[in-house]
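Visitor: I'm new to this one. Can you walk me through it?
Guide: Here it is.
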Amino acid sequence: MPPPGRARSALGPGRWRSPVRGPWLTSVFGLVLLIGIPIEFLTGLVSYAAYNPGFRSNDPNPKHGLFGLYLFDWLTSPGWVYRLTEGIHVMLGLALVPVVLAKLWSVMPRLFAWPRWPSVAQVLERASLILVVGGVAVEMTTGILNIDYLTTINFYSAHFFGAWAFIAGFVVHVCLKFGDMLTALRSRRLRTELRTGLADTRPEEADDGLVPLEPAAPTISRRGILALVGGTSLVVVLSNVGDTIGGFTRRFAVFGTHYRSNGPAGNDFPVNHTAAARRIAASQTGPDWRLVVTGTQRLSVSRTQLTSMRLTSAAMPIACTEGWSTTQTWTGVPLADLARLAGIERPGSAWIESLDSLTVTLSAVQIGAADAMLALRVNGADLSLDHGFPARVMVPAAPGTHNLKWIKRIAFSEAS
């Protein structure tokens with residue numbers, strides 16, 4: 001049955017005439033996505049778990065409901081684990097964008113094909129495509145916008161529920177098409193296609209909608225398309241991975257260019273938000289600043305008193321959900337020492353508030369970690385105002401947003 005109106009001539013199979021389209025090429029892109037998307041999904045789940053959303057103040061998406069059943073207490077060792085998982089999540093997500101676009105291009109004739117007598121399998125396939133295509137558009141758009149802080153929507157909710165909708169459609173689609181994919185991949189040899197140039201490019205054998213009935217002359221070989229897509233993914237990664245690796249490679253990053261603090265020596269590295277952007281006034285951090293620490297007793301501690309306590313140093317990364325990270329050497333008072341100072345020998349949690357009214361709750365494991373500290377210095381120098389002067393929290397393996405700057409209050413509670 002033909003589609004109504006003019007849709008047949010405008011979008012029907014006759015419009016798509018590229019001779020390189022076919023089940024084999026589509027299946028190659030599908031295989032890459034079959035490997036990459038589960039990794040992307042799992043690292044996304046890990047990123048959410050790293051927030052320790054069991055503490056209400058930490059949960060960026062408190063309406064997660066049953067989708068939060070997998071959550072677990074986040075770890076503190078190795079200290080670079082969140083930097084690794086979030087770096088993979090962001091870089092892989094960017095690398096898969098050209099593959100997704102190529103996959104959509106390769107199946108375009110079937111997307112617009114008017115269905116014949118529909119079967120249950122066809123209905124499920126079309127329904128899964130709505131979730132797959134819509135979900136991938138939401139995930140990649142919100143993810144890329146979040147890297148550069150361009151999104152004004154609730155990123156965490158949109159990205160979280162979009163991921164679950166997408167993966168539901170993805171699983172159904174894979175179950176329906178996995179056999180077809182294997183058959184198509186076996187129909188041609190990758191090595192042969194990589195040796196076949198434009199002059200020898202021929203259409204695949206006729207199928208149920210991807211191979212054109214009246215193919216045009218080839219303008220690119222399958223080898224060329226694979227090189228184009230793979231090369232584009234490589235360029236995307238190389239032009240952005242510097243934001244995760246840090247060092248001199250950061251200057252080449254296209255996305256996620258962050259403000260670089262020009263404070264005292266040792267403070268010349270990026271920050272998400274400056275003191276001016278968070279409206280931190282110099283008067284709030286001057287000699288009158290006091291850190292309020294509460295437990296079984298309440299203390300008000302000056303920065304001078306903090307610097308006279310036992311200090312520890314450790315190299316730890318700041319790794320943010322946007323994919324950027326930087327590793328520096330921090331020096332400060334162990335959080336466990338502050339808990340004991342407040343009369344808490346076995347802390348169960350610590351509720352922390354900053355001068356810009358942000359809050360975070362740390363778990364007992366995080367408080368007791370050897371490198372967890374209230375940082376006062378970085379790379380041997382006092383913290384600059386942009387990096388959290390007079391004091392900031394640094395916890396190994398924690399998301400960057402949990403390493404609050406400009407701390408004003410820490411409330412420790414006893415373990416139950």
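Visitor: How much area does the chain expose?
Guide: About 20400 Å², and carbon and sulfur atoms supply 63% of it. Accessible areas come from the Shrake-Rupley method with a 1.4 Å probe, and for residues only the protein chains shown count as cover. This is a predicted model, where local features need pLDDT of at least 70 and side-chain atom pairs count only at pLDDT 80 or more, while totals for chains, interfaces and linings use all residues. Residues are numbered from 1 along each chain as its sequence is written, and side-chain values use heavy atoms, with hydrogens and water left out.

Visitor: And what share of the residues is buried?
Guide: 47% of the 416 residues. Buried means under 20% relative accessible area, exposed over 50%, and partly exposed in between (1.4 Å probe, protein chains only).

Visitor: How many helices and strands are there?
Guide: The chain has 12 helices and 12 strands. Both are DSSP runs numbered from the N terminus: helices are H or I with at least four residues, strands E with at least two.

Visitor: Switching topic. What does UniProt place at residues 287–414?
Guide: The unreviewed entry lists "domain: Oxidoreductase molybdopterin-binding" there. UniProt positions are given in the numbering used here, feature names are shortened, and annotations may be inferred rather than shown by experiment. In the model, that span is 13% helix and 45% strand.

Visitor: How many salt bridges does a search find?
Guide: 11 in the whole structure. A salt bridge here is a side-chain nitrogen of Lys or Arg within 4 Å of a carboxyl oxygen of Asp or Glu.

Visitor: Which residue pairs with Arg278?
Guide: Asp356, with the closest N and O atoms 3.0 Å apart. Arg278 lies in the loop between β2 (270–271) and β3 (291–294) and Asp356 in the loop between β7 (347–354) and β8 (359–363), so the pair ties together parts 78 residues apart in sequence.

Visitor: Are those two buried or exposed?
Guide: Arg278 is partly exposed at 29% relative accessible area, whereas Asp356 is buried at 14%.

Visitor: Where do Lys177 and Asp180 lie?
Guide: Both are in helix α6 (residues 155–187), 3 residues apart, about one turn of the helix. An α-helix has 3.6 residues a turn, so residues three or four places apart point the same way. The side chains of Lys177 and Asp180 form a salt bridge at 3.4 Å, N to O. Asp180 is partly exposed, at 47% relative accessibility.
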